[in-house]
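Please examine the sequence and the three-dimensional structure shown below. The paragraphs that follow lead through selected features of the fold, from backbone geometry to the packing of side chains, strands and helices.

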Amino acid sequence: MATSTSGALGVGIIGAGNISDQYLTHLSSFPDVRVIAIGDVLEDRAKAQAEKYGVPHAGGVDVVLNDPDVDIVVNLTIPAVHVEVSEAIIAAGKHVWTEKPIGIDREESARLLKTADAAGLRVGVAPDTVLGPGVQTAKRAIARGDIGRPLFATTTFQWQGPELWHPNPAFLYAKGAGPLLDMGPYYVSTLVHVFGPVASVAALGLQGVPTRTVKSGELAGQEFPVEIPSTLSVLMDFEQGGQAQSLYSTDSPLKRHGIVEINGTEGTIVIPDPNMFGGDISIIRPLTDATVSEQEILEVPQEGVLAGRGLGLLDMARSIRDGRPHIATGEFGYHVLDTLLSIEEAAASRTYVDVQSTLGEVGSLPADFDPLAATL
């Protein structure tokens, strides 16, 4: 199916679960795309979301795949079937935007990219929060030398776990998820935007408890198994220089997450939560006098229009029409997955693991990118 050549690009969504509200809210506000269809294995759930957001067509997955007006399909299924669903989208002749991670297996994820390339279709991969004004403003500040030469980073994601609020959280503790593969993409993607591709990793992991209990919703009280390490302490180094240490844990009673600090030769920049599109940005200067205890803190004004999930898809849609690469490419998503799987392997083997994939220059969203403008 050929992509339309003028006007808003048609978007379909497969998966009408929890995260679909965020996509539907924001995609419905972008003039350059139009949500046409939503499908789910639970057809009533898809129809309810379609009615809520004014989407004209809803039902099973085929409603999306067979719609000739759909150019790009958003894959909001669970990680274990991301590649299977994305391949079905490619087979239907449509571009793919998939929730993170791109897959849970290197071989099948690489096969997806090869298949899409052969078909002349694009794959875009979340998270697109790192394209928001928060991370992108900080990235520009680092690039112009505001903290000198970046040396190392510290990131932290720790709390008691998503079963506190999620109505059906078992998949978040299954293979292909956990704090590393579910939340790690936000932090690793941010670090790759700043430092470039990852060269090698080391890690230690543990599993706090073998089973968890649903805390809210209709399944409250139901136990489910934990299949993955629920705490990982990670070291990373980057091909172009720089190092990072990260903690991913859903075993911590202390809630502390969204912490990303980049330390350079002339200052430390504190980046907003990479799971958010914006937030406060500050640079802390080193002390210049041992008798002074207060460090200089500079607030960095956030640049750009604050939007939400769907921003990366919008960049891909405009890029398709302009004939240029989009930023959140399948290759970027594959490198992030490769890094996360390497971390799992490092934790299992208690050794350093080289990350086999690499990337060219990682693009940036311009400060004047306006998702609310009609440009197509």
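A proline that deserves attention on the way through the backbone is Pro 101, which lies in the loop between β5 (95-98) and α5 (106-119). The model is a predicted one, and in it the peptide bond that joins Lys 100 to Pro 101 is cis, with omega at about -10 degrees. Further along the chain, the loop between β6 (123-125) and α6 (133-143) holds Pro 127. Here too a cis peptide bond is found, joining Ala 126 and Pro 127 with an omega of about 10 degrees.

Another backbone feature concerns Arg 350, whose place is in the loop between α9 (330-349) and β17 (353-354). Its phi is near 55 degrees, a positive value in a residue other than glycine. Is Arg 350 buried or exposed? Its relative accessibility is 62%. Exposed residues are those over 50%, so Arg 350 counts as exposed.

Attention now turns to the aromatic side chains. A search of the whole structure finds four aromatic pairs. One of them is formed by Tyr 173 and Phe 224, with 5.6 Å from centre to centre and 40 degrees between the planes, which makes the pair tilted. This pair links distant parts of the chain, since Tyr 173 is in the loop between β7 (150-158) and α7 (178-195), Phe 224 is in strand β10 (residues 223-225), and the two are 51 residues apart. The cut-off for a buried residue is under 20% relative accessible area. Tyr 173, at 1% relative accessibility, therefore counts as buried, and Phe 224 is buried as well, with a relative accessible area of 6%.

Tyr 187 and Tyr 248 form an aromatic pair of the edge-to-face kind, at 5.9 Å centre to centre and with 75 degrees between the planes. Because Tyr 187 lies in helix α7 and Tyr 248 in strand β12 (residues 243-249), the pair ties together parts that are 61 residues apart in sequence. Both tyrosines, Tyr 187 and Tyr 248, are buried. Ring pairs also bring in Phe 157, so that Phe 157, Tyr 187 and Tyr 248 are linked into a cluster.

The cluster leads to the strands. Which residue of β12 does Phe 157 stand opposite? Phe 157 stands opposite Tyr 248 in β12. The strands β7 and β12 pair in the parallel sense over seven bridges. β7 also pairs with strand β13 (residues 256-264), in this case in the antiparallel sense and over eight bridges. In β13, Glu 261 is the residue that stands opposite Thr 154. As a general point, side chains in a regular strand alternate between the two faces of the sheet.

A ring also takes part in a contact with a charged side chain. Arg 318 lies over the face of Phe 369, at 4.7 Å from the ring centre.

The last feature is a pair of helices. The axes of helix α1 (residues 20-27) and helix α2 (residues 43-53) come within 11 Å and cross at roughly 30 degrees. How are α1 and α2 oriented to each other? Angles under 35 degrees count as roughly parallel, and α1 and α2 are therefore roughly parallel to each other. The crossing of α1 and α2 is right-handed.

Terms used
Residues numbered from 1 in each chain as written. Predicted model: local features only at pLDDT ≥ 70, side-chain atom pairs only at ≥ 80, totals over all residues. Heavy atoms only, no water. Helix = DSSP H or I, 4+ residues; strand = E, 2+ residues; numbered from the N terminus. Buried < 20%, exposed > 50% of the residue type's maximum accessible area, 1.4 Å probe, protein only. Phe/Tyr/Trp six-rings, centres within 6.5 Å; stacked < 30°, edge-to-face > 60°. Lys NZ or Arg CZ within 6 Å of the ring centre and 35° of its normal. Pairing = 2+ DSSP bridges. Axes fitted to C-alpha atoms, helices over the stretch in contact; angles between N-to-C directions. Parallel < 35°, antiparallel > 145°, perpendicular 65-115°, else oblique. Left-handed = near helix turned anticlockwise from the far one by under 90°.
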